[in-house]
Amino acid sequence: MQRYQMYINGQFSDASSGKWFDSYNPYTGDVWGQVAQGNADDVHRAVTAAHTAFTTGPWPQFTASQRGALLRTLGDLIARDARKLAEYEVRDNGKLIAEMAAQLRYLPQWYYYYGGLADKVQGTVIPLDKKGYFNFTRNEPRGVVAAISPWNSPLLLSSWKIAPALAAGCTVVLKPSEFTSASSLEFVKLVAEAGFPPGVVNVVTGFGSEVGAPLIEHPLVRMVAFTGSDTTGRAINELAARHFKHVSLELGGKSANIVFADANLDDAVNGAVSGIFAATGQTCIAGSRLLLQDSIHDQFVEKLTALARTARMGDPMSLDTQVGPITTRPQYEKVLRYIDIARQDGAELLVGGAPATRPECGNGWFIEPTIFSGVKNTMRIAQEEVFGPILSIIRFTDEDDAVQIANDSRFGLGAGVWTSDIGRAFRMSERIQAGTVWVNTYRALSYMSPFGGYKDSGLGRENGIDAIREYLQVKSVWINTGAASANPFTMR
Ligand code: NAI
Ligand code: MG
């Protein structure tokens, strides 16, 4: 059995409790490895190391260009080991090798991009309204960052935090999800190999209450970067607020994928399927509400259900597989609960609606791709994030109706619009309250493009130039250039 220690101050170590917890392979339902079960003592060790690295270590002596060079080296090492890292991810979280291999091949770009950005962070000279002073700004790193990541795309979503944090000059304590810790502990070996000094990146493994919460509360942590559920995000935000810590929160959604009658329907069917069944629906940007204009509703449903029925399920390591298992046992149970809730609330089941009993699914945590029609936007299945392969179809009449339904949600992460009318594409992208709007595509992401949520979908932005600002704070410096000494009893 593979065992994973945590990584603190450049060294692998057991948990101070000496305890371990199991990590499962969702495809077989079996335990495949064990991970050190951290607690507040381990958090304290890691945060102290990160703080020492930030204040007195060699890290603050590095120029921004040197930090950038290290980030690019790390990107090269990830590229070298991409396939191996992808396989760890698949074993631990059950997502398809096809998706994870592509994700890991793309991941180095985050380190190249933020490596390039590191030495382009500049202050400004303020054209001051007062004579006899020179005033300028400095962008300084916030300090120790707590990065807390979920299980659905562990290394990608951790990198969205680690790369800009290091470019800014911060140090990091990463707490990966207890369901998928292995890949982070493989990744951190590359951080060391790239030449980052000890303490700059640390990984503490364990559960939310035992590691996550003490990490946020630790007085030497200055920022919390989190991706996960809105429930946990709210708890984290409250805890961080008590200590005036900056947060960035990416909290999932209930994204509307809106198909107008004037759209290319075959493209839109593909977009609807990729929006909800890719990654087994376990993505924050899942297009879980499909809004169909009345006049094409029946025709669209026919094409969509036909395509959904062809989805191949099975071994996530096989390149032929299109829909893999649910990553965690609790998540599997949650998805099944929501199928019951949708039925009880009167939604009409068109496809799926049960655990997959196909032989190729073995003992894994598989659920059939599921489609409900006749969903009302007030139903729980349309308002709450399921995070699984469950699609809700909602009808609309016209543009105003579509906007009203799409925005009638406490979430606002993403939205898709399918239309051949260019004016409508622009109007819709303006009227929809979401951090990302895709027109005639869905689930497109780039390290360059800001990503984040409106409303309950979160705070702050990841990716792009905007993200590095989350990790920086602005200092205003005043230099007296005047000769005369001023009256001490007045404001200058
Ligand atoms: P979660 O939001 O509870 O966990 C995410 C991370 O936060 C994990 O590393 C966890 O250990 C940590 N955490 C949990 N409680 C904490 C606390 N009190 N203080 C600090 N850290 C804490 O997500 P979970 O339980 O894995 O999944 C539950 C639901 O969250 C899913 O059903 C899905 O709806 C949603 N989710 C959303 C994701 C997204 O990308 N927005 C990703 C994963 C899950
Ligand atoms: Mg696992």
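Is Lys95 buried or exposed? Lys95 is buried, with a relative accessible area of 3%. The model before us is a predicted one, and I shall begin with the charged pairs to which this residue belongs. The side chain of Lys95 meets that of Glu99 in a salt bridge, with an N to O distance of 3.7 Å. As general background, side chains of opposite charge can pair when their charged atoms come close. Across the model, the count comes to 25 salt bridges.

Some of these bridges are joined to one another. Arg80, Asp81, Lys84 and Glu193 are linked in a network of salt bridges. Within that network, Arg80 pairs with Asp81, the closest N and O atoms being 2.9 Å apart. Arg80 also forms a salt bridge with Glu193, at 2.8 Å from N to O. Glu193 lies in helix H7 and Arg80 in helix H2, which covers residues 64–80, so this pair ties together parts that are 113 residues apart in sequence. As to their surroundings, Asp81 is buried, with a relative accessible area of 13%, while Glu193 is partly exposed, at 45%.

Let me turn to the metal site. Which protein atoms serve as donors to the magnesium ion, ligand 2? The donors are Tyr24 (O), Asp92 (O), Asp92 (OD) and Phe179 (O), and they lie 2.4 to 2.5 Å from the ion. The spacing of the donor residues in sequence is Y-x67-D-x86-F. Tyr24 and Phe179 come from distant parts of the chain, 155 residues apart: Tyr24 sits in strand S4, residues 20–25, and Phe179 in the loop between strand S9 (171–175) and helix H7 (182–194). Tyr24 counts as partly exposed, at 37% relative accessibility. Phe179 is partly exposed as well, with a relative accessible area of 30%.

The loop that carries Phe179 deserves a further remark. Ser181 is also found in the loop between S9 and H7. At 0% relative accessibility, Ser181 counts as buried. What does Ser181 contact, leaving aside its neighbours within four places in sequence? Its contacts are Phe21, Val35, Asp92, Pro176 and Thr205. One of these, Asp92, is a donor residue of the magnesium ion. In addition, the C-alpha atoms of Ser181 and Pro154 are separated by 8.0 Å, the two residues being 27 apart along the chain.

Strand S4, which holds Tyr24, leads us to the sheet. An open sheet of three strands has the order S1-S5-S4, and its pairing is mixed. Its edge strands are S1 (2–4) and S4, each of which pairs on one side only. On average, neighbouring strands of this sheet are turned by 35 degrees against each other, direction ignored. S1 pairs with strand S5, residues 30–36, in the parallel sense over three bridges. There, Arg3 stands opposite Gln34 in S5. Helix H3, residues 82–93, packs on this sheet and touches S1, S4 and S5. The direction of H3 makes about 95 degrees with that of S4.

A second parallel pairing involves strand S11, residues 221–227, and strand S12, which are joined over five bridges. The bridge partner of Ala225 is Ser248 in S12. Why may we call S12 largely enclosed by the rest of the structure? Four of the five residues of this strand, which spans 246–250, are buried, and it is therefore largely enclosed.

I now widen the view to the domains. The domain assignment gives domain 1 as 2–251 + 457–476, and domain 2 as 256–439. How far apart do the C-alpha centres of domain 1 and domain 2 lie? They lie 31 Å apart. The contact takes 25 residues from domain 1 and 33 residues from domain 2.

My last element is helix H14, residues 399–407. Its buried residues are Glu399, Ala402, Val403, Ile405, Ala406 and Asn407. In general, an α-helix has 3.6 residues a turn, so residues three or four places apart point the same way. What covers the buried residues of H14 includes four strands and a helix that I shall name in turn: strand S13 (256–259), strand S14 (289–293), strand S17 (390–396), strand S21 (454–455) and helix H15 (422–431).

To return to the opening question, Lys95 is buried, and its partner in the salt bridge is Glu99.

Technical notes: Residues are numbered from 1 along each chain as its sequence is written. Chains are lettered from A and ligands numbered from 1 in the order in which they are written. This is a predicted model: local features need pLDDT of at least 70, side-chain atom pairs count only at pLDDT 80 or more; totals for chains, interfaces and linings use all residues. Side-chain values use heavy atoms; hydrogens and water are left out. Donors are N, O and S atoms within 2.8 Å of the metal (3.2 Å for Na, K and Ca); water is not among the atoms, so sites may look incomplete. Helices (H or I, at least four residues) and strands (E, at least two) are DSSP runs, numbered from the N terminus. Buried means under 20% relative accessible area, exposed over 50%, partly exposed in between (1.4 Å probe, protein chains only). A salt bridge is a side-chain nitrogen of Lys or Arg within 4 Å of a carboxyl oxygen of Asp or Glu. Two strands pair if DSSP finds at least two bridges between them. Axes are lines fitted to C-alpha atoms, for helices over the stretch in contact, and angles run from 0 to 180 degrees between N-to-C directions. Contact means heavy atoms within 4.5 Å. Domain bounds come from an automatic or database domain assignment.
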